[in-house]
Structure formats: structure tokens, C-alpha cells
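Let's walk through this protein together, from its overall layout down to its aromatic ring pairs. Please keep the sequence and the model open as you read.

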Amino acid sequence: MKTGKKKSMPTVDARRDGILRVAGDGRLTTEDDIGFVSRFERLARAANPILMGLGPSFARWTLGALWRSVEFDALHLRQFGRMAVVGDKKWQEWEADASNLVFPGEARFFERDAIERAKAWLRNPDGERET
């Protein structure tokens, strides 16, 4: 039996306030991605605010899943509004900052204990930019 990084298929659900909640943990593989994509496509509208929660053992993607992720992002650019990335690793913050170069909506990183602040920021797109 193989051991290693915990696997957890990414999930997506729509909240009553219009925010899409995306969550992932472990190392995401190509197989994990298949169910996620169809569910995202059913739930997403144009410029959805997205709350992305990355679990404590989130370890990025396998190469195949990373490629699928790049393709997915290119196909669904217009469905990404503001994006609050909630996690606890410096590379997650860097990736949130880098996504501002690609996605039309602003992305911002929040530490795990600031999830309520992240939700408030998503609900108030016209509010003052936090520093």
C-alpha cells in the first residue's frame, strides 16, 4: 500500500450570498480535477467572487493536474471575480499575488484565522482596499 501526501478532491459549492466556495487539501491529481470541473461549470456565473480555502496539507498539483488547471483557468477567465485565497503558506500568498497578472478580478491572500475578513472583502467589492 502506498503512503504519502493525503488526497482530497477539490470541492465547490455556491453560498447564498453569491460567493463560490472552493476547497482543496492534499496533492491534487488529474483524476481529482474531473468532478470539480463539471460541478464548477454548473454553479459558476460571470465574475463570481470566489473564496478559495487551501487545507493545511495542500501540496499543489501533480504535473497533469497543473496542466488541466492552466487549461481550466484559460477557459473560465470570465467566471472569476474577486478571489480570496485562504491558507497558511508563503507560496500560496505568492500564487495569489501572481494571479492578479492573469485573472480579471483582484486576488488577495488571507491567513486561515482571517477567513471572516476574507468573506467580508468578497461581499463588499466597492469597499476601501485593505492594506
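Is G64 buried, partly exposed or exposed? With a relative accessible area of 33%, G64 is partly exposed, because the middle class runs between the buried limit of 20% and the exposed limit of 50%. Please bear in mind that the model you see is predicted.

## Two glycines

G64 sits in helix α2, which covers residues 63–75. Its C-alpha atom lies 9.2 Å from that of E31, although 33 residues separate G64 and E31 in sequence.

G26 belongs to strand β2. At 0% relative accessibility, G26 counts as buried. Between G26 and S57 the C-alpha distance is 5.0 Å, with their positions 31 residues apart in sequence.

## Overall layout

The protein has four helices and five strands. Read from the N terminus, the order of elements is β-β-α-β-α-β-α-β-α. Of the 131 residues in the protein, 40% are buried.

Among contacts with a separation of 6 or more, 70% are made by residues 24 or more positions apart. The protein exposes about 8000 Å², and carbon and sulfur atoms supply 56% of that area.

## Strand pairing

Strands β2 and β3 run parallel and are paired over five bridges. Within this pairing, L20 stands opposite I50 of β3. Strand β2 is mostly covered, with five of its seven residues buried.

Strands β4 and β5 are also parallel, and five bridges join them. Here V86 has F110 in β5 as its bridge partner. Strand β5 is mostly covered too: four of its five residues are buried.

## Helix α1

Helix α1 spans residues 30–43. How does its length compare with what its 14 residues should span? At 1.5 Å a residue the expected span is 20 Å, and the end C-alpha atoms are 21 Å apart, so the two values agree.

The buried residues of α1 are D32, D33, F36, V37 and F40. As background, an α-helix has 3.6 residues a turn, so residues three or four places apart point the same way. That is a handy rule to keep in view when you look at the buried positions D33, F36, V37 and F40, which are among those listed for α1.

## Nonpolar cores

In soluble globular proteins, nonpolar side chains tend to be buried together. In this model, the largest nonpolar core holds 20 residues. Its members that touch the most other members are F36, F40, I50, F80 and M83. Six elements, namely β2 (20–26), α1, β3 (48–54), β4, α3 and β5, each supply at least two residues of this core.

There is also a second, separate core of nine residues. I19, F110, W121 and L122 are included in this second core.

## Aromatic pairs

A pair of aromatic rings is described by the distance of the centres and the angle of the planes. How many aromatic pairs are there in the model? The count comes to four. In the pair of F80 and F103, the ring centres are 4.7 Å apart and the planes meet at 40°, so the pair is tilted. F80 lies in strand β4 (residues 80–87), whereas F103 lies in the loop between α3 (90–99) and β5 (107–111), so this pair ties together parts that are 23 residues apart in sequence. F80 is buried at 6% relative accessibility, and F103 is buried with a relative accessible area of 11%.

F110 and W121 form another pair, with ring centres 5.9 Å apart and planes at 50°, so this pair is tilted as well. The pair links distant parts of the chain, with F110 in strand β5 and W121 in helix α4 (residues 115–123), eleven residues apart. Both rings belong to buried residues: F110 has a relative accessible area of 2%, and W121 has one of 3%.

Which residues do ring pairs link into a cluster? They are F36, F40, F80 and F103. Of these, F36, F40 and F80 also appear among the residues that touch the most other members of the largest nonpolar core.

Methods. Residues numbered from 1 in each chain as written. Predicted model: local features only at pLDDT ≥ 70, side-chain atom pairs only at ≥ 80, totals over all residues. Heavy atoms only, no water. Phe/Tyr/Trp six-rings, centres within 6.5 Å; stacked < 30°, edge-to-face > 60°. Buried < 20%, exposed > 50% of the residue type's maximum accessible area, 1.4 Å probe, protein only. Expected span 1.5 Å × (residues − 1). Contact = heavy atoms within 4.5 Å. Areas by Shrake-Rupley, 256 points an atom, 1.4 Å probe, with all protein chains shown as cover. Core = buried A, V, L, I, M, F, W, Y, C linked by side-chain atoms within 4.5 Å. Pairing = 2+ DSSP bridges.
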